[in-house]
Amino acid sequence: MQRACPECGEKIVGRTDKKFCSDYCRNAHNNKMNKDSTNLVRNVNNLLRKNYRILQELNPTDKTKTTKAKLMAKGFSFEYFTSIYTTKTGTVYYFIYDQGYLPLEGNYYALVKRN
């Protein structure tokens with residue numbers, strides 16, 4: 001029985017359980033199958049990386065204060081963060097890995113670094 005490669009249609013030679021004619025076809029097929037989810041993950045990771053760099057740049061001393069306008073001017077996206085930390089008193093910090101921010105009154109933000 002002749003088997004055909006699902007990617008290019010070439011004849012498959014070799015093991016009976018072999019599905020693709022070459023590594024190139026196997027990789028191309030898997031990349032096509034995972035393209036949509038990969039793009040979503042890549043875009044979210046890029047936004048997280050950008051947010052992290054902005055917090056790192058504005059917070060060189062591990063604890064500082066800034067304005068919402070300054071964060072937004074640099075392109076900070078408040079929808080993307082990696083974790084939320086709530087203190088015993090109910091204060092909610094948003095973290096991107098070890099860099100965090102706390103919304104304060106009057107469009108100010110406290111920037112912190114978790115050690």
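1. Buried means under 20% relative accessible area. By that cut-off Phe78, at 19% relative accessibility, counts as buried. The value comes from a predicted model, as do the others in this note. Phe78 is a useful place to begin, and the points below move from its surroundings to the sheet, the helix and the charged pairs.

2. Surroundings of Phe78. Phe78 lies in the loop between α2 (68-73) and β2. When neighbours within four places in sequence are left aside, the residues in contact with Phe78 are Lys68, Leu71, Met72, Tyr101 and Tyr109. Two of these contacts, Tyr101 and Tyr109, are buried as well: Tyr101 has a relative accessibility of 3%, and Tyr109 has a relative accessible area of 10%.

3. The aromatic pairs. How many aromatic pairs does the count come to? The count comes to 10 aromatic pairs. In one of them, the ring centres of Phe78 and Tyr101 are 5.8 Å apart and the planes stand at 80°, so the pair is edge-to-face. Because Phe78 belongs to a loop and Tyr101 to strand β4, this pair ties together parts that are 23 residues apart in sequence. Tyr101 also pairs with Tyr109: the centres are 5.8 Å apart and the planes are at 65°, so this arrangement too is edge-to-face.

4. The aromatic cluster. Phe78, Tyr101 and Tyr109 belong to one aromatic cluster, together with Phe76, Phe81 and Tyr94. Phe76, Phe78, Tyr101 and Tyr109 also appear among the residues of the largest nonpolar core, to which the next point turns.

5. The nonpolar cores. The largest nonpolar core has 12 residues. Besides the aromatic residues just named, its members include Leu48, Tyr52, Ile54, Leu55, Leu58, Leu71, Ile96 and Leu111. Which elements give two or more residues to this core? They are α1 and β5. Helix α1 gives the most, with five residues. Apart from this core lies another, of five residues, among them Tyr93, Phe95, Leu102 and Val112.

6. The sheet. Five strands form an open sheet in the order β1-β5-β4-β3-β2, and the pairing is antiparallel. The edges are taken by β1 (63-67) and β2 (83-86); each has a single partner strand, so one side of each is left without a neighbour in the sheet. On average, and with direction ignored, neighbouring strands are turned by 30° against each other. Within the sheet, β3 and β4 pair in the antiparallel sense over three bridges. Phe95 stands opposite Gly100 in β4, and Phe95 is also one of the residues of the second core.

7. The helix on the sheet. Which strands does α1 lie across? Helix α1 lies across β1, β3, β4 and β5, and runs at about 80° to β4. The helix covers residues 23-58. As noted above, α1 gives five residues to the largest nonpolar core.

8. Salt bridges. A search of the whole structure finds five salt bridges; three are described here. One joins Asp17 and Arg15, whose closest N and O atoms are 2.8 Å apart. Asp17 is partly exposed at 48% relative accessibility, whereas Arg15 is exposed, with a relative accessible area of 58%.

9. A salt bridge within α1. Arg26 and Asp23 form a salt bridge in which the closest N and O atoms are 3.1 Å apart. Both residues lie in helix α1, three residues apart, about one turn of the helix. Is Arg26 buried or partly exposed? At 35% relative accessibility, Arg26 counts as partly exposed. Its partner Asp23 counts as exposed, at 51%.

10. A salt bridge between a loop and a strand. The side chains of Asp98 and Lys113 meet in a salt bridge with an N to O distance of 3.9 Å. Asp98 lies in the loop between β3 (92-96) and β4 (99-103), and Lys113 lies in strand β5 (residues 108-113), so the pair ties together parts that are 15 residues apart in sequence. Asp98 is partly exposed, with a relative accessible area of 22%. Lys113 is also partly exposed, and its relative accessible area is 31%.

Notes. Residues are numbered from 1 along each chain as its sequence is written. This is a predicted model: local features need pLDDT of at least 70, side-chain atom pairs count only at pLDDT 80 or more; totals for chains, interfaces and linings use all residues. Side-chain values use heavy atoms; hydrogens and water are left out. A salt bridge is a side-chain nitrogen of Lys or Arg within 4 Å of a carboxyl oxygen of Asp or Glu. Buried means under 20% relative accessible area, exposed over 50%, partly exposed in between (1.4 Å probe, protein chains only). Helices (H or I, at least four residues) and strands (E, at least two) are DSSP runs, numbered from the N terminus. A nonpolar core is a set of buried Ala, Val, Leu, Ile, Met, Phe, Trp, Tyr and Cys residues joined through side-chain atoms within 4.5 Å. Contact means heavy atoms within 4.5 Å. Two strands pair if DSSP finds at least two bridges between them. Axes are lines fitted to C-alpha atoms, for helices over the stretch in contact, and angles run from 0 to 180 degrees between N-to-C directions. Rings of Phe, Tyr and Trp (its six-membered ring) pair if their centres lie within 6.5 Å; planes under 30 degrees apart count as stacked, over 60 as edge-to-face and the rest as tilted.
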